[in-house]
Amino acid sequence: MKLSHTADLWWKNAVVYCLDVETFFDANGDGCGDFRGLAQRVGYLDEMGVTCIWLMPFYPTPDRDDGYDITDFYGVDSRLGTGGEFVEFLQVARDRGIRVIADLVVNHTSSRHPWFQSARSSPESPHRDWYVWRDKPPADGPEGVVFPDQEKSLWEYDEQAGQYYLHRFYKHQPDLNVANPAVRDEIMRVLGYWLHLGLSGFRVDAVPFLLETDGALDAEDLPDPHAYLRDLRAYLSRRNGEAVLLGEVNLPYPDTMRFFGDEDGDELTMCFDFIGMQRLYLSLARQQAGPLAEALRERPEQPKDAHWATFVRNHDELTLDKLSEQERQEVFDAFGREPRMQLYGRGLRRRLPPMLDGDPDRIRLVYSLLFSLPGTPVLFYGEEIGMGEELSFEGRNAVRTPMQWSDDDNAGFSTGDPEKLVAPVVQGEYGPSKVNVASHLRDPHSLLSWMKLLIRRYRQCPELAWGRYEVLPHEAEQVLAHRADQDGGTVVALHNFAGEPVEVALRLDGVESGDRLVDLLGDGVTPVGDGRVSLRLDRYGCRWLRVVKPGEVFLP
């Protein structure tokens, strides 16, 4: 692999780590995480192997939606620190070779944003058409309430304005009118501002909603929404050629592909693979590889300068909305039987370890999949130590609890009053007395140690990030086997979804007698006979194997 191929496309083999500043580490003891605290923990992330930090919203906010209701796109929430402390954190990360991206939440604002306050004040306000207003809700407007337990309509009447405004999310989050050129220009300024301060890109929130123009005025003369996305990407590239747009696009594969743009990828740089994630959980529920293998075969190849982003879970509910009703029920029956574990009837508000009953082999299997499947792996904070959820915390916030650094008071997250913490610490079996960073660092067999090994091997295997991949046929329905090839190198990965050992016979085209398969996650060398090999997998076992030619020296 030539470095010139990878320098501009750093995200192709990045390890992305998503965190919420307010729940990560509190440096001043007020019960809320802050940028000073985050800067103190950058070394931990670096040692783990993280190469990119994704920040959830840190802007000024009334905090009615965990920071996604923003009152100033150019500021830092005072609870989290100052602009200077934000820039200092960026410098600390840069010194460690870690890039930083942040949530771009411009589908809507808080109803307390000065733009909306201006817009509602008068029909002549310069910000009036920065939002979408109607005298009464249109019959042909957009449909589908995002939070059906909280909202019954996408339109809310505003007494001061004397009209209804559009909100695809909560009613305290009015939608911006992205069909308005002035709004588009302002969003460009927001990007430019944060890029200038040192960000390396953005995770774009709710992309399909952002581009949707249903309900906007003058609908017959609306601009092409994808042209706007192309403009955003072009502007980003002019300001910083290495910057990325990572898109939240939860749509079927053919529809998601449109958001990459043309064959060279001139819209979103990366899109999350929501289909693959949901099929992964169906495979786990059935203890069969078929659903995930099918998704990998169905998934279109991304444009040349684009990539898929893979994940086990994120900061929202673990959505299962693209599964059939029967398939979704299978996952609920396996991993979320209690109604309190479910959300909106479409997903789970749980973390992985409790879902898998804490089975260490099965948990390791899932993260081995994350780092070996084609795509850029994205971790959610706390996954590396096996944190659990706190179901007493409302809604999606069940998985947004303080990071568990030690078994000290407040999980080592804060020295403040426990009653004033920004969120409750997980209690019970997955509480900090049993699950914390300090204990994992001392244990060479911990999940954190396993995660470090996976990341190290992933970074040593450019085939996994850059190569052509293929799902391999065989007779064992509980096993997913795939290979990745790049510049003459080959890596084969096998994963057993079942709780019993299994033997798998594979044919590896292009692999000849005398070649060896060297285990990357453990010790062992397997000879290959004329492209055929038989491999054993333990219960929930996983193996990564590099093809080594005769005479080659392999240094793991």
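Here a visitor asks a guide how the labels on this predicted model are earned.

Visitor: Let's start with Thr61. Why is Thr61 called buried or exposed, whichever it is?

Guide: Thr61 has a relative accessible area of 15%. Buried means under 20%, so Thr61 counts as buried. You'll find Thr61 in the loop between strand E2 (52–55) and helix H5 (83–95).

Visitor: What makes the link from the side chain of Thr61 to Asp63 a polar contact?

Guide: The Thr61 side chain comes to 2.8 Å from the backbone nitrogen of Asp63. The cut-off for such a pair of N or O atoms is 3.5 Å, and 2.8 Å is within it. The side chain of Thr61 also reaches the backbone oxygen of Asp69, at 2.6 Å.

Visitor: And which residues does Thr61 touch, leaving out those up to four places away in sequence?

Guide: Gly67, Asp69, Thr71 and Asp77. Touching here takes heavy atoms within 4.5 Å.

Visitor: Asp66 caught my eye too. What makes the phi of Asp66 worth a look?

Guide: Most residues other than glycine have a negative phi. Asp66 is not a glycine, yet its phi is positive, about 50 degrees. Asp66 sits in the loop between E2 and H5.

Visitor: How do you know whether Asp66 is buried or exposed?

Guide: Check the number against the limit. Asp66 has a relative accessible area of 13%, and buried means under 20%, so Asp66 is buried.

Visitor: Where is Asp530, and what is its phi?

Guide: Asp530 is in the loop between strand E20 (525–527) and strand E21 (532–537). Its phi is near 50 degrees, a positive value in a residue other than glycine.

Visitor: Why is Asp530 called buried or exposed?

Guide: Asp530 has 54% relative accessibility. Exposed means over 50%, so that is the label Asp530 gets.

Visitor: Now for Ala484. How do you know whether Ala484 is buried or exposed?

Guide: Ala484 has a relative accessibility of 3%. The limit for buried is under 20%, so Ala484 counts as buried. Ala484 lies in strand E16 (residues 479–486). Not counting residues up to four places away in sequence, Ala484 touches Glu463, Leu464, Arg468, Tyr469, Gly489, Thr490 and Val491.

Visitor: What makes you say that E5 and E6 are paired strands?

Guide: Pairing takes at least two bridges. Strand E5 (residues 155–158) and strand E6 (residues 163–166) are joined by 4 bridges and run antiparallel, so they pass. For one of the partners, look at Glu156, whose bridge partner in E6 is Tyr165. E5 and E6 form a hairpin with 4 residues between them, and Gly162 in the turn has a positive phi of about 75 degrees.

Visitor: How do you know that E4 pairs with E6?

Guide: Strand E4 (residues 133–134) has 2 bridges to E6, in the antiparallel sense. The rule asks for at least two, so E4 and E6 count as a pair. Here Trp133 has Tyr165 as its bridge partner in E6.

Visitor: On to empty space. What makes a space a cavity, and how many cavities of 30 Å³ or more are there?

Guide: A 1.4 Å probe must fit in a cavity but be unable to get out. The count comes to 4 cavities of 30 Å³ or more. The largest cavity has a volume of about 130 Å³. It is lined by 14 residues, and the closest to its centre are Gly276, Met277, Thr310, Phe311 and Leu373.

Visitor: Which classes of residue make up the lining of the largest cavity?

Guide: That lining divides into 10 nonpolar, 2 polar and 2 charged residues.

Visitor: Why is the other kind of space called a pocket, and what volume has the largest pocket?

Guide: A pocket is an open set of points, whereas the probe cannot get out of a cavity. The largest pocket has a volume of about 1100 Å³. Of its 46 lining residues, the closest to the centre are Val146, Phe147, Asp316, Glu317 and Arg396. By class, the pocket lining has 16 nonpolar, 11 polar and 19 charged residues.

How values were computed:
Residues are numbered from 1 along each chain as its sequence is written. This is a predicted model: local features need pLDDT of at least 70, side-chain atom pairs count only at pLDDT 80 or more; totals for chains, interfaces and linings use all residues. Side-chain values use heavy atoms; hydrogens and water are left out. On a 1 Å grid over the protein atoms alone, a cavity is a set of points where a 1.4 Å probe fits but cannot get out, and a pocket is an open set with protein on both sides within 12 Å along at least five of seven lines; lining residues have an atom within 4 Å of a point. Grid points are joined across faces, edges and corners, and a volume is the space filled by probe spheres set on the points. Ala, Val, Leu, Ile, Met, Phe, Trp, Tyr, Cys and Pro count as nonpolar, Asp, Glu, Lys and Arg as charged, and the others, Gly among them, as polar. Buried means under 20% relative accessible area, exposed over 50%, partly exposed in between (1.4 Å probe, protein chains only). A polar contact is a pair of N or O atoms within 3.5 Å; within protein, one must be able to donate a hydrogen and the other to accept it, and residues adjacent in sequence count only if both atoms are side-chain atoms.
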